[in-house]
Amino acid sequence: MAIDSSELLHNFTNRPGGDITLLIRALGVTYEEKPLPAGQSGYIEYDGTGYNIVVNSTENARRRRFTAAHELSHYLLHRDLLDDTGKLNRHTDVLFGAGAASNPPDPLSPFHEAQANRYAAKLLIPEHLVKTKFEELEQDVAALARLFDVSQPAMKIRLETLGLLPRS
Amino acid sequence: MQPDERKIDFALNLAAASIVVNFLVLAVCLFVFNHSGMPKEDTNALAVSVTTIEIFLVIVALGGYWMLRTDVTGTARATTHQYLQQQQVALISAAETEARKTAEATTRRVMEERDAAKPQPASDPQTAAFGQE
């Protein structure tokens, strides 16, 4: 039976703070956390039969969660760009710290990185849900961040982007 | 007549021909057996009996076959048409799925090429914020 990715995404984005790894696995992608070289956040690869997402286990939980969402975005948006010949079948990301500005894009482009970042933010803090909770929690950014399992700065920027808070 | 129907007709004619040929071969065998005179006893009675049975079987087989031929033809054609329709549906479905995937990816790439021309920020405050505890 074919996996309905739209329905899985719909279910995930209707509950705040969901386990992104469960969504990844439900989509038929293998997920693994293991130590990677310093600075590397994670990677997505195509092994000829399926897609694998690997996240650096040495990074903190919030980073791992966002990295997982970012790699999932690559899977949802760009998986057809990953080569299946074994030459360009892996895309490694450096999402945080000084190396983020020069994140090696191959075989994707910087635009794809920006797109995956935006999509990951939308996955972790869905617009329709955060707007509802924003009112329910009386605009409490800290409570919203806890509910959506993201950092307060990330929630604040997302709320600003959506026009719910004035830009600082 | 469709090519598949011609194949059905050909198969049915071949079946009829095989019945006839089968009995002809049997008749030839019996004729050779009787004509060689190998048995010392008089086997005319046996030969006549077997030939009579053979003729009867030929009539029954061919008669029965021709009686059923129309039904067999109709059923075979209906089955073939149903099978072909199923195959067509499966092929169309596979083609639609492939076309949808290709169209989706192509649209995405075209949109991306359009947007990629815009300057991209070197660093993304939102992403950096997601990395904070």
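**Helix α3 and the sheet.** I began with helix α3 of chain A, residues 61-78, and found that in this predicted model the helix lies across β1, β2, β3 and β4 of chain A, running at about 155° to β3(A). I then looked up the sheet itself, which is open, has four strands in the order β1-β3-β2-β4 (chain A), and shows mixed pairing. I noted that β1 (30-34) and β4 of chain A stand at the edges with a single partner strand each, so one side of each is left without a neighbour in the sheet. For the twist I recorded an average of 15° from one strand to the next.

**One strand pair.** I followed β1(A) to its pairing with strand β3 (residues 51-56) of chain A, which is in the parallel sense and runs over five bridges. Within β1(A) and its surroundings I looked for the residue facing A:Tyr31, and I found A:Ile53 in β3(A) standing opposite.

**Salt bridges.** I counted eight salt bridges over all chains, and I went through some of them one at a time. The side chains of A:Arg90 and A:Glu45 meet in a salt bridge, at 3.0 Å from N to O. I placed A:Arg90 in strand β4 (residues 90-93) and A:Glu45 in strand β2 (residues 42-46), both of chain A, so this pair ties together parts that are 45 residues apart in sequence. On accessibility, I noted that A:Arg90 is partly exposed, with a relative accessible area of 39%, whereas A:Glu45 counts as buried at 15%.

I next looked at A:Glu59 and A:Arg63, whose side chains form a salt bridge at 3.5 Å, N to O. Here A:Glu59 counts as buried at 11% relative accessibility, while A:Arg63 is partly exposed with a relative accessible area of 25%.

The next entry concerns A:Lys156 and A:Glu160, a salt bridge in which the closest N and O atoms are 2.8 Å apart. I noted that these two residues are four residues apart in helix α7 of chain A and are therefore separated by about one helical turn. A:Lys156 is partly exposed, with a relative accessible area of 35%, and A:Glu160 is buried, with a relative accessible area of 9%. I also noted a network in which salt bridges that share partners join A:Arg62, A:Arg65 and A:Asp149.

**Helices α6 and α7.** I went on to the packing of helix α6 (residues 141-148) and helix α7 (residues 152-161), both of chain A, whose axes come within 9 Å and cross at roughly 105°. Since that angle falls in the range from 65 to 115 degrees, I described α6(A) as roughly perpendicular to α7(A). On the α6(A) side I listed A:Val141, A:Ala142, A:Leu144, A:Ala145 and A:Phe148, which meet A:Gln152, A:Met155, A:Lys156 and A:Leu159 in α7(A). The residues of this contact divide into seven nonpolar, one polar and one charged.

**Backbone in the α5-α6 loop.** I closed with phi, keeping in mind that most residues other than glycine have a negative phi. A:Glu138 has a positive phi of about 55° although this residue is not a glycine, and I placed A:Glu138 in the loop between α5 (127-136) and α6 of chain A. A:Gln139, also not a glycine, has a positive phi of about 60°, and A:Gln139 is likewise found in the loop between α5 and α6 of chain A. I recorded A:Glu138 as exposed at 68% relative accessibility and A:Gln139 as partly exposed at 46%.

Technical notes: Residues are numbered from 1 along each chain as its sequence is written. Chains are lettered from A and ligands numbered from 1 in the order in which they are written. This is a predicted model: local features need pLDDT of at least 70, side-chain atom pairs count only at pLDDT 80 or more; totals for chains, interfaces and linings use all residues. Side-chain values use heavy atoms; hydrogens and water are left out. Axes are lines fitted to C-alpha atoms, for helices over the stretch in contact, and angles run from 0 to 180 degrees between N-to-C directions. Angles under 35 degrees count as roughly parallel, over 145 as roughly antiparallel, 65 to 115 as roughly perpendicular and the rest as oblique. Contact means heavy atoms within 4.5 Å. Ala, Val, Leu, Ile, Met, Phe, Trp, Tyr, Cys and Pro count as nonpolar, Asp, Glu, Lys and Arg as charged, and the others, Gly among them, as polar. A salt bridge is a side-chain nitrogen of Lys or Arg within 4 Å of a carboxyl oxygen of Asp or Glu. Buried means under 20% relative accessible area, exposed over 50%, partly exposed in between (1.4 Å probe, protein chains only). Two strands pair if DSSP finds at least two bridges between them.
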